[in-house]
Amino acid sequence: MADDTSRDRAGVPPAPRPARLFTDRDLWHGGEVDLDAYRARVGLEGALPPTRDTLRAVQRAHLAAIPFENLRPLTGEPVRLDVPALVDGMVRARRGGYCYEQNLLLAAVLDRLGFAVTGLAARVPSGRPGRPRPSTHCLLRVDLEGRPWLVDVGFGGGGPLEPLPLADGHQEVQGGWGLRLDRVSELGGDEWLLRSFDGRAWRPLYVLTTAAMAPQDYEIFSHHLSSHPRSPFLTRLTVQRIGPGVQHVLTDTTLTTLSPHGTREEQRVPVREVGSVLREVFGIELRAREREAVEARVEELAGV
């Protein structure tokens with residue numbers, strides 16, 4: 001008897017199995033990375049085989065050297081996500097970037113080093129029950145040693161310092177910061193909640209899905225966040241750097257220093273010293289006209 005799935009029940013022949021739909025499989029364009037320049041920028045030396053130790057070293061080095069920041073959209077500068085532009089901005093010009101810039105640069109680097117990379121998306125909780133935000137955060141999955149790992153260097157709210165196993169209920173401490181990953185079903189799909197411990201309580205960072213994303217998807221999201229008039233990246237200066245035991249956050253003219261133990265220190269920064277703080281605290285090198293543009297925009301937003 002013929003299988004029901006192959007029968008022609010309405011005069012329509014059985015459909016053949018589809019061929020590969022996407023012919024361009026070079027998603028991350030690792031060949032376009034200036035690997036020597038990147039290694040010098042983040043301070044990586046020696047051989048970098050595609051191993052767990054290398055993945056950990058690259059993520060830590062990237063986070064230590066390249067801060068999260070939104071200077072380009074804030075000042076009206078276009079945000080380009082092609083690999084040469086990412087290298088020019090974050091490597092050669094020694095600037096930072098937001099999640100799409102950061103993690104797409106990292107994806108290209110990891111691809112060049114021989115890692116298997118998949119792009120993912122996540123939504124940051126809004127704090128309003130029943131009103132989820134869109135999935136506008138970019139992060140990566142790396143399949144290594146027979147298991148999937150989450151890798152993220154672009155979450156400005158204090159994400160992981162090292163690769164995190166994609167495992168339900170996994171909890172660990174990285175550089176003093178507590179992290180926990182749980183499988184949830186907020187919208188009925190394959191969703192995972194990442195939380196961090198702020199010294200007093202667990203707080204949600206984002207909810208991610210395991211559906212694969214292409215760089216073209218991120219282009220659409222990035223355009224929205226860098227151009228929509230209500231985007232937080234256009235309405236306030238945000239610069240962050242997190243490392244073992246300390247996180248620095250500059251929001252307009254407020255510099256905040258946080259620790260994994262819950263301590264918090266705030267300092268007011270005069271507008272005309274914002275450029276100095278960007279250089280001294282975050283390692284962002286601005287040319288004179290760039291510094292003037294940033295400080296003028298902060299002054300406008302602050303109403304000074």
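**Exercises on a sheet and a cavity**

Trp149 stands opposite Pro165 in strand E5. The model is predicted, so that local features need pLDDT of at least 70 and side-chain atom pairs count only at pLDDT 80 or more, while totals for chains, interfaces and linings use all residues. Residues are numbered from 1 along each chain as its sequence is written, and side-chain values use heavy atoms, with hydrogens and water left out.

**Exercise 1.** Place E5 in its sheet and find the helix that packs on this sheet.

*Solution.* Begin with the link between strand E4 (residues 147–151) and E5, which run antiparallel and are joined by 2 bridges; strands are DSSP runs of E with at least two residues, helices are runs of H or I with at least four, and two strands pair if DSSP finds at least two bridges between them. Next, read the open sheet of 8 strands, antiparallel in its pairing, in the order E5-E4-E3-E2-E9-E8-E7-E6. Its edge strands, each pairing on one side only, are E5 (164–165) and E6 (170–174). Finally, helix H6 packs on the sheet and touches E2 (116–123), E3 (137–144) and E9, where contact means heavy atoms within 4.5 Å.

**Exercise 2.** Describe the lining of the largest cavity by residue class and by element.

*Solution.* Sort the lining residues first: 7 are nonpolar (Ala, Val, Leu, Ile, Met, Phe, Trp, Tyr, Cys and Pro), 1 is charged (Asp, Glu, Lys and Arg) and 5 are polar (the others, Gly among them). Then turn to the elements, where E10 gives the largest share of this lining, 3 residues. A cavity is a set of points, on a 1 Å grid over the protein atoms alone, where a 1.4 Å probe fits but cannot get out, and lining residues have an atom within 4 Å of a point.

How values were computed:
Axes are lines fitted to C-alpha atoms, for helices over the stretch in contact, and angles run from 0 to 180 degrees between N-to-C directions.
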